[in-house]
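Student: I should like a close look at one part of this protein, its largest pocket. Which residues and helices line the largest pocket, and how do those helices fit into the rest of the model?

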Amino acid sequence: MPNLLQEKIYVELFGEVNIYFGMGVLILTSLLLGGMIGFDRERKMKAAGIKTNLMICLGATLYTALSLFISKAHGTPTSDPARIAAQIVSGIGFLGAGSIIQGRGSIKGLTTAATIWVVAAIGVTIGAGYPLVAFLFTITILVVLNLINPLYKFVEQERDYKNYHVEVLTKGSAKRHVKDVILQEIDSINEIYEELLDKEIDSRLLNVYITIHPRKIAELRKEIKDIIKVEKVNVHLTDHVGTKNKNDD
C-alpha cells in the first residue's frame with residue numbers, strides 16, 4: 001500500500017510535486033477555467049451554465065489524474081492510462097447529445113454541445129498535468145464564443161442587409177438576455193419593446209426590429225431559442241425599420 005504523503009504527480013511549471021499539493025493545483029485550475037466558460041454560457045442563459053461546466057471540467061480532471069496516478073502506482077508495464085481519458089471522450093458525447101434539441105425542422109444547442117465537449121478536453125488537459133496549456137485553450141475558446149462574429153463584416157456587403165421583425169414569446173422577462181445575444185451579432189437594435197400577454201403566468205411577447213445580413217438570421221434564431229425563458233421565436237421580413245436606437249430598458 002503506497003504512502004500517499006510520499007507519492008508524486010507531475011504538474012506543469014512545478015514538475016514532480018506532492019500528490020496533495022498537485023491535486024490542489026489541478027482542482028483550483030479546473031474551478032477557474034470551467035467557471036470562466038460556464039460564466040460565459042450562464043450570462044447568455046444557456047442550458048449548460050456554471051455548475052454544469054464546472055462539474056464536467058472537474059470530473060474530466062479527476063478521471064485523468066487518477067488514471068495516471070493509478071497506472072504509475074499500481075499499474076503493470078502493459079497498463080494504459082489513456083484508456084480512461086478515451087472513455088471520457090466517448091462518454092461526454094452522450095451529455096452533449098442531450099443538449100441538442102430538435103423541433104419543427106430546426107436544431108438548437110449545437111454550440112452548447114460543442115462547449116461541453118471542449119470543456120471535457122480542458123479537464124483532461126488539466127488532469128494530465130498541463131494547467132497552463134489548458135488556460136491558453138480556455139482563452140481561445142472564449143475568443144471564439146465572443147469575438148468571432150465581427151470577422152463576418154469583412155465578407156458581408158451593406159446592400160445585402162435586410163430589416164427583420166423578431167417576435168419572441170417568453171415566460172418571464174428575457175429582454176436583457178435576448179438583447180445580449182442579438183448585440184453579439186450586430187452593432188445596434190433599431191427598436192425593442194415588450195408586451196405582457198398574460199399576467200397570471202407572466203407570458204410576454206418581445207418585439208425586436210433589427211437590420212442584419214440574411215445569412216445570420218438562422219443562427220441568431222437558434223441562439224435566441226436556446227435561452228431558457230424563451231418558448232417560441234418568429235422572424236419576419238419587414239418594411240418597418242423601427243425607431244433607431246430605441247433600446248428602451
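Tutor: The confidence of the predictor in each residue is expressed as pLDDT, on a scale from 0 to 100. The model is a predicted one, and the protein averages a pLDDT of 83, with 84% of the residues scoring at least 70. Among its elements, strand S5 (residues 162-171) has the highest mean pLDDT, 94, whereas strand S9 (residues 246-247) has the lowest, 47. Where pLDDT is low, predicted coordinates should not be read in detail.

The pocket itself comes next. The volume of the largest pocket is about 420 Å³. Its lining is made up of 20 residues, and those nearest its centre are Thr111, Val144, Leu145, Ile148 and Glu223. By character, the lining residues divide into nine nonpolar, seven charged and four polar. Three helices, H4 (110-127), H5 (131-147) and H7 (214-225), each supply at least two residues of this lining. The largest share, five residues, comes from H4.

Helix H4 may therefore be taken first, as its 18 residues should span 26 Å at 1.5 Å a residue, and its end C-alpha atoms are indeed 26 Å apart. Its buried residues are Thr112, Ala113, Thr115, Ile116, Val119, Ala120, Ile122, Gly123, Val124, Ile126 and Gly127. After H4 comes Gly129, with a positive phi near 100°. Gly129 also has a partner that is remote in sequence: Gly15 is 114 residues away along the chain, yet the two C-alpha atoms are 9.0 Å apart. Gly15 belongs to strand S2 and is partly exposed, with a relative accessible area of 22%.

From helix H5, the residue to follow is Leu145, one of those nearest the centre of the pocket. Leu145 counts as buried because its relative accessibility is 16%, below the 20% cut-off. Its C-alpha atom is separated by 9.2 Å from that of Arg41, although their positions lie 104 residues apart in the sequence.

Helix H7 has 12 residues and reaches 17 Å from its first C-alpha to its last, close to the 16 Å expected. Lys216, Ile217, Leu220, Glu223, Ile224 and Lys225 are its buried residues. Of these, Glu223, in H7, is also among the residues nearest the centre of the pocket. Glu223 counts as buried because its relative accessibility is 15%. Glu223 also relates H7 to H4: its C-alpha atom is 10.0 Å from that of Thr112, with the two residues 111 apart in sequence. Thr112 is itself one of the buried residues of H4.

For the rest of the model, helix H3 (residues 82-98) offers a clear division between its two sides. It has 17 residues and reaches 25 Å from end to end, measured in the model between C-alpha atoms, close to the expected 24 Å. In H3, Ala85, Ile88, Ile92 and Gly96 are buried. These four cover an arc of only 65° around the axis, which puts them on the same side of the helix. An α-helix has 3.6 residues a turn, so residues three or four places apart point the same way. On the other side of H3, Arg83, Gln87, Phe94 and Gly98 are exposed.

Helix H6 (residues 175-183) includes Lys175. Lys175 is a charged residue, yet it is buried, with a relative accessible area of 12%. Its C-alpha atom lies 9.9 Å from that of Val230, a residue 55 places away in sequence.

Two loop residues deserve attention for their backbone angles. Most residues other than glycine have a negative phi. Leu13, in the loop between strand S1 (8-11) and strand S2 (15-18), has a positive phi near 80°. Leu13 is exposed, with a relative accessible area of 69%. Asp202, in the loop between strand S6 (191-198) and strand S7 (203-212), likewise has a positive phi, near 55°. Asp202 counts as partly exposed, at 26% relative accessibility.

To return to the request, the lining of the largest pocket draws at least two residues from each of H4, H5 and H7, with H4 giving the largest share. Leu145 and Glu223 are among the residues nearest its centre; Leu145 is buried, and so is Glu223.

Conventions. Residues numbered from 1 in each chain as written. Predicted model: local features only at pLDDT ≥ 70, side-chain atom pairs only at ≥ 80, totals over all residues. Heavy atoms only, no water. Expected span 1.5 Å × (residues − 1). Buried < 20%, exposed > 50% of the residue type's maximum accessible area, 1.4 Å probe, protein only. Arc of directions from axis to C-beta. 1 Å grid on protein atoms, 1.4 Å probe; cavity = no way out; pocket = protein on both sides within 12 Å on 5 of 7 lines; lining within 4 Å. Points joined across faces, edges and corners; volume = space filled by probe spheres on them.
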